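Reader: I've got a few labels I'd like explained before I trust them. Can you take me through them?

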Amino acid sequence: MSQPVIAATGLYVPPDSISNNELVAAFNDYVAAFNADHAADIAAGKLTPLLPSSADFIEKASGIKSRHVVDKTGILDPKVMRPAIPERSNDELSLLAEMAVLAARDALARWGGDVRDIGAVICAASNMQRPYPAIAIEVQNALGVSGFAFDMNVACSSATFGIKTAADFISSGSAKAVLVVNPEICSGHLNFCDRDSHFIFGDVATAIVVTDETLADGGWSVLGARLKTQFSNNIRNNFGFLNRCAPEGIGAADKLFVQEGRKVFREVVPMVIDMIIAHAVDLGVDPTRLTRLWLHQANINMNDMIGRKVLDRVPTPQENVIILDEFANTSSAGSIIAFHKANSDFAVGETGLICSFGAGYSAGTVFVRKR
Ligand code: CO8
């Protein structure tokens, strides 16, 4: 059985960035216009006025200071409140595939191997641009990779589920190298008119090259990868191919991201702590001696709590990496951005944890050791 290795990672960051102040100014302009347009209904008690958002609240409640997005102008136009993403012809790369290819090229260059050794491409992300042909096959074609490719969606846990799938392909001999891409255009499915969630997400793409030991120069041995799911309605997106068949009409709000943020916080944090500690013990790893945590980036208070419990002390900022201040929640890509940006100082033999958690619920733990 071959030992799977994370040989390299890559990152693509869209050039547009929106600060909390910019986002809140646009939201509050939208709210003022909405309340003015509906003043009569509000005065008659038929409609509740919308409340303004606050940059201070956003930073305190989530740790988010800004987010990168594929299109800033549409999101910040109070008359539009969503990114403007023009359709492309079938002869052009789709936007999701384009972002994935850019992250993949970064990862492949860092790996330095031969793309002909890649036997599979997995696009693991929380929103696919279309049902078919698979985005992964489009990426495979653009990069000139042979073998097979497919899409998988496990919301925020897509990347760890992708790593586990790639590692299993390596262990079983199905492929010698697998490319996992995580293009996330979260702004496309975010309701920028919803005060509770308009600040949560950003756009980005990450890529991971998982190989057998013979194809990696250094890199990170995957000591173990474990997955868990547990059904919950607390994070939902009801967008889907049957929407158009509903005789009562499509409806709007629940066809975008919706969540019960407090409940998610309360239920997911203990689930993830238990999962990390149990998996570490099964691998013979002392969780309190992990060199680094690269956790899913949804909320800084969640990560502080998980870090304290797992390491059994208050982690330093170097030990518990936070990137959501700049990127916000980038769904599956968050823990991979953290890993990508903060692993170059590891000594051979040191161990860290990549961990995701999110809608489903779903969670994944990937313990890695520097080679
Ligand atoms: N500005 C000012 N005040 C606000 C705002 C705002 N924008 N929003 C809410 N408030 C007010 C509320 O009205 C409330 O006021 P009051 O106390 O008077 O009623 C008060 O602030 C507190 O509101 P909340 O209880 O909602 O605030 P929280 O402290 O819980 O913080 C968070 C909200 C930040 C959302 C927090 O609950 C959180 O982060 N929870 C965890 C969420 C999480 O991890 N979710 C994971 C989902 S991501 C995932 O799985 C990926 C899905 C696929 C991605 C698809 C892309 C779109």
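Author: Sure, here is a short back-and-forth on some of the labels, bearing in mind that this is a predicted model.

Reader: Let's start with Ser66. Why is Ser66 called buried?

Author: Buried means under 20% relative accessible area. Ser66 comes in at 14%, so the label applies. As for its place, Ser66 sits in strand β3, residues 66–69.

Reader: What makes the link from the side chain of Ser66 to the backbone oxygen of Glu326 a polar contact?

Author: The cut-off for such a pair of N or O atoms is within 3.5 Å. Here the side chain of Ser66 reaches that oxygen at 3.0 Å, so the distance passes. Leaving aside residues up to four places away in sequence, Ser66 also touches others, including Ser17, Asn20, Phe327 and Ala328.

Reader: Ala328, then. How do you know that Ala328 is buried?

Author: Its relative accessible area is 0%, and the limit is under 20%, so Ala328 counts as buried. Ala328 lies in the loop between α10 (324–327) and α11 (334–341).

Reader: What makes the phi of Ala328 worth a remark?

Author: Most residues other than glycine have a negative phi. Ala328 isn't a glycine, yet its phi is positive, near 60 degrees. Met81 is not a glycine either, and has a positive phi of about 60 degrees.

Reader: And why is Met81 called buried?

Author: Met81 has 6% relative accessibility, and under 20% is what the word requires, so buried fits. You'll find Met81 in the loop between α4 (72–75) and α5 (95–111).

Methods:
Residues are numbered from 1 along each chain as its sequence is written. This is a predicted model: local features need pLDDT of at least 70, side-chain atom pairs count only at pLDDT 80 or more; totals for chains, interfaces and linings use all residues. Side-chain values use heavy atoms; hydrogens and water are left out. Helices (H or I, at least four residues) and strands (E, at least two) are DSSP runs, numbered from the N terminus. Buried means under 20% relative accessible area, exposed over 50%, partly exposed in between (1.4 Å probe, protein chains only). A polar contact is a pair of N or O atoms within 3.5 Å; within protein, one must be able to donate a hydrogen and the other to accept it, and residues adjacent in sequence count only if both atoms are side-chain atoms. Contact means heavy atoms within 4.5 Å.
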